[in-house]
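Biologist: Thanks for sitting down with me. Could you take me through the reasoning behind the terms used for this model?
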Protein chains: 2
Amino acid sequence: MTTNTRRLDASGRTRSPSMADVAHHAGVSAQTVSRVLSDHPNVQSATRERVLRSVDQLGYRMNSAARALSSGRTRTIGVVVLPTADYSGSAVTHGVESAARRAGYAVNISTASSLDPAAIAAAMTRLDEQSVEGIVLVVPVPTGTDAVETIARRIPTVTIDGSRTVSSEVVAIDQFEVGRLATEHLLELGHPTVWHLAGPDEWLDSTGRAAGWRAALAEAGREIPPLLHGDWSPESGYQAGLLLGRIPEASAVFVASDEMAFGAIRALHELGRRVPDDVSVVGVDDIALAAYCSPALTTVAQPFGEIAALAVEHLLRRIDDPSSPPTSTDVEASLVIRASTAPFAG
Amino acid sequence: MTTNTRRLDASGRTRSPSMADVAHHAGVSAQTVSRVLSDHPNVQSATRERVLRSVDQLGYRMNSAARALSSGRTRTIGVVVLPTADYSGSAVTHGVESAARRAGYAVNISTASSLDPAAIAAAMTRLDEQSVEGIVLVVPVPTGTDAVETIARRIPTVTIDGSRTVSSEVVAIDQFEVGRLATEHLLELGHPTVWHLAGPDEWLDSTGRAAGWRAALAEAGREIPPLLHGDWSPESGYQAGLLLGRIPEASAVFVASDEMAFGAIRALHELGRRVPDDVSVVGVDDIALAAYCSPALTTVAQPFGEIAALAVEHLLRRIDDPSSPPTSTDVEASLVIRASTAPFAG
DNA sequence: CCACATGTTGTTATCGATAACAAGCCTGAT
DNA sequence: ATCAGGCTTGTTATCGATAACAACATGTGG
């Protein structure tokens, strides 16, 4: 029944109805309207009905700027992401939006133009200027970055890549475990050792996985081959694959992301090395295509939705009770075995 | 030199400095501070310097809620996306954020839980309640959807998938041309005809590509094979591939997205049909992996960044001049030839 | 029947910025 | 010299909601 009645203001332009208009229409005070719309308990149900009817008839929508100004609460959280169209960033962003929405929060998005601390701080500052009540960082943050720390001290912040800053929450997948899972799977298949193509060192995701890989090898008493580095892109995986394919004893490779893994597999094919017959490959992320490229990729799936929901949950707790101390929570990843890994045939 | 000075308010809690605090510190009026921060021309440079110094010293950040309330401008635009971690949605979202940021606008993100008009309207309503000044719809909108139309009439809205509603701008890739490009490429390779795996009919992207495909075939006087449908997912491409692989005369397939294309290629492989030797496949999107899965995918690249920038540009024009009529702009896609297409081998 | 707690509603002040107007000063043309 | 008009700055009212407080009604136990 939304008729969307509009008034004329002093200058003659149309204007959306305000709370005062609703109050007048329902024959109550603005405060009562406010109480009804905020679900305050102490309002008689007859009054409540009447107000709601007026809200409906006038097509009233609340002015969030006014609410924010007077209450000091914007009910908005911010997300800082990188401007890459990668699977994980986008999965986390959607997870955050969904969890925030359920809690009645809006989401502001801000991209960091690079991993430079200044760029990340700039992205956070933009959110700060929007008066977000909390920030989810979907980017790695070097510890001890002053500009970032300053904002994190004032605005509840949670990192989801495992970066541990002094003032922020941490909700992260246990990347050490990710590295270990992948590596142990390959060792169990009988491979003498496992090579590793890591992501950039700026990412804790990256160093965590490498550490897990190294630990698994050490524990099994295997030789630890030299580490390769990529930048998460398929192209960098391809370049690394061109190297690995020339090393005859490289029979098993743990690649730090599915996209790099596909690049590596392509390079191996071009060099005439079959996957998994000659080389077994494990990726990380379980992107949608992992099961459908050839060969179907064995990978470590990361529960991005769960991570995002947890991040928001922690953020809201910190927002409601700023005195509660920052915490650190780990989430489990799981190995998905497909066709890119096979027993050592050496 | 941001010392971030904070005052105590009546209730004894810390509070960020306000414009009045800056004004007092600089020995000017609040209005002058406002003028300096809004880059008004008529301020003496000495005064400007003094104000900026005070802003810096006090660590002042503007309260956007107050600005929005008093000026009636939120300098925020909204984006409606689907909660899928797909390449195109995320590429467009980042493009919008980047363009908006350059224009001094913040971006609110809102996901539509489904393609149901009610769900899309709900996502738009959430943005409306945040008082966004414009909306970019990265979802298909059925024409004549009242709830959507009502909001689009009030808030400048641009669709980027080609959906033409009465009140919204349209910035879109010419999908008819996409279909034609892909189909003609395959015909030029000598294939007698071209099969098509389309996306869901709700998407104009989808129907547009199908129309271009059909037109190209008709123009060449070829038989038009029955149309197959997927839902953009690799799995649906796989299912369609299981069908196509059983049809001996299907030598060329135009698939409406890269992800579906990889699913289809996988199914073809499983059925023993080689790509491109037995079947040529063309996708759409040019996702990052297109060049790195096997075989490297021939595909139609879409300029998502350009689309997003144009969308924002149009939106800002409508915001600045609400009387300007909605327009419709097309952007060109381009064929990227890789290894999944080959001449017809009889 | 009174004192006091509780429930319901209204009043007033306030959040922090900007628009609209006003006022003083300086310049240059008449 | 004088006045129009532009530049610079300040004053006041206002945006729309909520917090804090006040006021009144109602109910309950002594």
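Modeller: Happily! Let me start with a rule: the radius of gyration is taken over C-alpha atoms, and the globule rule is 2.2 Å times the number of residues to the power 0.38. Keep in mind that this is a predicted model.

Biologist: What does chain A have as its radius of gyration, against a compact globule of 346 residues?

Modeller: The rule puts such a globule near 20 Å, but chain A has 26 Å. Its C-alpha atoms fill a box of roughly 85 × 40 × 40 Å along the principal axes. Within chain A there are 12 helices and 14 strands, and buried residues make up 55% of the chain.

Biologist: Why are H2(B) and H3(B) called roughly perpendicular?

Modeller: Angles of 65 to 115 degrees count as roughly perpendicular. The axes of H2 (residues 30–37) and H3 (residues 45–58) of chain B cross at roughly 90 degrees, and therefore the two helices earn that name. Their contact includes Val33(B) and Val36(B) from H2(B), with Val51(B) and Leu52(B) among those from H3(B). By class, this contact has 6 nonpolar, 2 polar and 1 charged residues.

Biologist: What makes the relation between chain B and chain A that of a two-fold axis?

Modeller: A rotation of 180 degrees, with 0.1 Å of shift along its axis, superposes chain B on chain A at an RMSD of 0.1 Å. That is the relation of a two-fold axis.

Biologist: And how do you know that the copies meet through the same surface?

Modeller: Of the interface residues of chain B, 100% are also interface residues in chain A, so the copies do meet through the same surface.

How values were computed: Residues numbered from 1 in each chain as written. Chains lettered and ligands numbered in written order. Predicted model: local features only at pLDDT ≥ 70, side-chain atom pairs only at ≥ 80, totals over all residues. Heavy atoms only, no water. Axes fitted to C-alpha atoms, helices over the stretch in contact; angles between N-to-C directions. Helix = DSSP H or I, 4+ residues; strand = E, 2+ residues; numbered from the N terminus. Parallel < 35°, antiparallel > 145°, perpendicular 65-115°, else oblique. Contact = heavy atoms within 4.5 Å. Nonpolar A, V, L, I, M, F, W, Y, C, P; charged D, E, K, R; others polar. Least-squares fit on C-alpha atoms with pLDDT ≥ 70 in both. Buried < 20%, exposed > 50% of the residue type's maximum accessible area, 1.4 Å probe, protein only.
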